[in-house]
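Biologist: I am new to reading complexes. Can you take me through one, feature by feature?

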Number of protein chains: 2
Amino acid sequence: MESSRARGSGTQSVYKTIRQEILTMALAPGSPLDEVRLSERFGMSRTPVREALLRLAADGLVTTLPNRNTVVSAIDFATLPSYFEALSLMYRATTRAAAMHRDAKLMEKVHARQRDFRKAVEDRDAFAMIEANRDFHVAIAELGGNGYYTSFFTRLLDEGRRILRLYYSTFEDRLPRQYVEEHEAIIAAIEAGDVDLCDRLATEHAAQIVRQIQDYIARDLRQPMDLAER
Amino acid sequence: MESSRARGSGTQSVYKTIRQEILTMALAPGSPLDEVRLSERFGMSRTPVREALLRLAADGLVTTLPNRNTVVSAIDFATLPSYFEALSLMYRATTRAAAMHRDAKLMEKVHARQRDFRKAVEDRDAFAMIEANRDFHVAIAELGGNGYYTSFFTRLLDEGRRILRLYYSTFEDRLPRQYVEEHEAIIAAIEAGDVDLCDRLATEHAAQIVRQIQDYIARDLRQPMDLAER
DNA sequence: TGTCGACAGTTTGTGTGCAAAAAGGCTGAC
DNA sequence: GTCAGCCTTTTTGCACACAAACTGTCGACA
């Protein structure tokens with residue numbers, strides 16, 4: 001068959017593709033992932049598909065029901081408070097770390113991500129904004145230089161992409177501009193090496209985001225809302 | 001063949017067994033894990049072995065070199081400072097959370113784990129002490145009720161099991177008794193719901209452990225030490 | 001009419017074969 | 001004696017086949 005595909009790339013490409021589709025909500029939570037159907041879609045056998053699903057399961061993005069099928073993991077609203085708590089903590093920890101480990105080269109990446117973010121806001125592109133915001137904070141985490149923080153934080157932010165997509169389908173431009181300014185303030189504080197200020201700004205920034213999501217949720221709850229996950 | 005094995009248990013049992021062997025250092029970092037050899041050892045085909053290795057790779061416990069073999073992940077001493085930082089943070093976060101979410105049933109589990117820990121210290125069993133200490137803090141994290149904290153912290157503590165095994169091969173009984181007392185103090189602070197005290201105790205407890213490991217490392221460095229991982 | 005059991009269909013879990021890729025050894029030339 | 005190139009060996013990545021397990025449906029019986 002197609003031996004054009006590089007040897008180790010099968011699993012990788014399936015993993016990346018499905019992961020992206022899950023995070024962008026192209027695959028809704030609860031969607032069944034059939035191994036045969038996926039293998040047909042990607043034009044390869046079940047084995048690499050299976051291995052990709054295994055990796056996604058390890059990431060917590062899909063849930064495999066033993067001897068049954070695999071589904072896209074549901075977003076559990078009951079754990080949202082825990083999520084916000086963990087997210088806030090990691091906002092603070094990574095931003096503090098960044099203020100302590102300044103590095104010109106990595107700092108430039110932070111600036112670049114902030115430019116992307118500003119552009120997304122100006123374009124009023126809600127989805128691009130979500131991605132850019134994530135990338136901005138990942139860049140800060142990498143600047144902080146603690147790999148444990150970076151991987152955990154990245155995981156949290158990715159889960160957040162799904163939550164945000166749920167509520168950002170319609171774009172409201174009141175708050176985003178404020179986010180741009182907060183990002184600028186955080187950058188300035190990092191460059192000044194002011195750890196305490198970073199901590200305060202990160203705390204406030206996290207609270208801002210949490211507040212906004214909670215507003216969206218509260219608004220949704222006033223409308224009839226289909227909570228059935230599957 | 002042996003159809004006696006339950007259908008879904010193959011991968012699971014291989015995963016659990018190898019994971020345990022890695023965490024207890026029965027499999028040294030850098031040890032090669034050959035799929036064929038493992039499949040012979042466990043009396044099954046390569047497929048379930050392969051899936052188990054994939055899960056271990058997702059946990060970061062093994063590293064798979066593409067198109068080559070997979071090896072037990074090395075312990076990277078360069079990242080130890082980051083590790084200690086993350087560990088300390090999670091000690092604090094989970095203990096604080098525990099003080100806020102008190103629960104009689106889960107609290108009893110904490111007491112039980114502390115009894116195990118005390119017994120391990122009295123028995124002068126270094127390895128049992130390592131396991132019991134991990135379980136004690138996991139129990140506190142579960143008491144805290146934040147699943148994100150629990151999973152990240154558990155992962156850190158498991159990685160710590162390997163590091164501690166490196167340095168606890170000979171048991172020194174100066175500090176352990178102090179750990180017992182510190183654990184007791186933490187339990188009391190949780191039961192009193194004193195968040196700030198929990199934070200201080202967790203910080204000090206973490207610093208204690210970090211200091212001890214660093215002492216071990218410093219002592220080792222004074223001797224000729226083979227740093228070659230493989 | 002409601003409930004239980006058997007059957008068929010679907011989907012996963014595992015076994016097996018083959019080919020690609022990398023490592024190490026061998027041979028030959030310089 | 002050393003180094004380059006080829007070949008062999010080892011091990012993985014993927015394809016495919018088969019059987020177990022679960023779901024849903026249909027029919028029989030109370």
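Biologist: Which side chains of chain A and chain B meet in a salt bridge?

Modeller: Keep in mind that this is a predicted model. Look for a Lys or Arg nitrogen within 4 Å of an Asp or Glu carboxyl oxygen. Here Arg50(A) pairs with Glu51(B), at 2.6 Å from N to O. The count between the two chains is 2 salt bridges.

Biologist: Which helices of chain A supply at least two residues each to the side that touches chain B?

Modeller: Helix 3 (46–59), helix 4 (80–100) and helix 7 (147–167) do. Helix 4 gives the largest share, 8 residues. By type, that side of chain A has 12 nonpolar, 6 polar and 6 charged residues.

Biologist: How much area do chain A and chain B bury between them?

Modeller: Interface size is often given as the accessible area lost when the parts come together. For chain A and chain B that is about 2,100 Å², with 58% on carbon and sulfur atoms. In contact are 24 residues of chain A and 24 of chain B.

Biologist: Now the DNA. Which residues are closest to strand C?

Modeller: Of the 25 residues around DNA strand C, the closest are Arg46(A), Arg50(A), Arg68(A), Arg7(B) and Ser45(B). The surface near the strand divides into 5 nonpolar, 9 polar and 11 charged residues.

Biologist: What parts of the DNA do they meet?

Modeller: Of the strand C atoms within 4 Å of the protein, 71% belong to sugar or phosphate, and the rest to bases. Take two cases. The side chain of Arg50(A) has an N or O atom 2.7 Å from a phosphate oxygen. Arg46(A) places a polar side-chain atom 2.9 Å from a base oxygen.

Definitions and conventions
Residues numbered from 1 in each chain as written. Chains lettered and ligands numbered in written order. Predicted model: local features only at pLDDT ≥ 70, side-chain atom pairs only at ≥ 80, totals over all residues. Heavy atoms only, no water. Contact = heavy atoms within 4.5 Å. Buried area = accessible area lost by both parts, 1.4 Å probe. Helix = DSSP H or I, 4+ residues; strand = E, 2+ residues; numbered from the N terminus. Nonpolar A, V, L, I, M, F, W, Y, C, P; charged D, E, K, R; others polar. Near = heavy atom within 4 Å. Polar contact = N/O pair within 3.5 Å; in protein donor to acceptor, adjacent residues only side chain to side chain.
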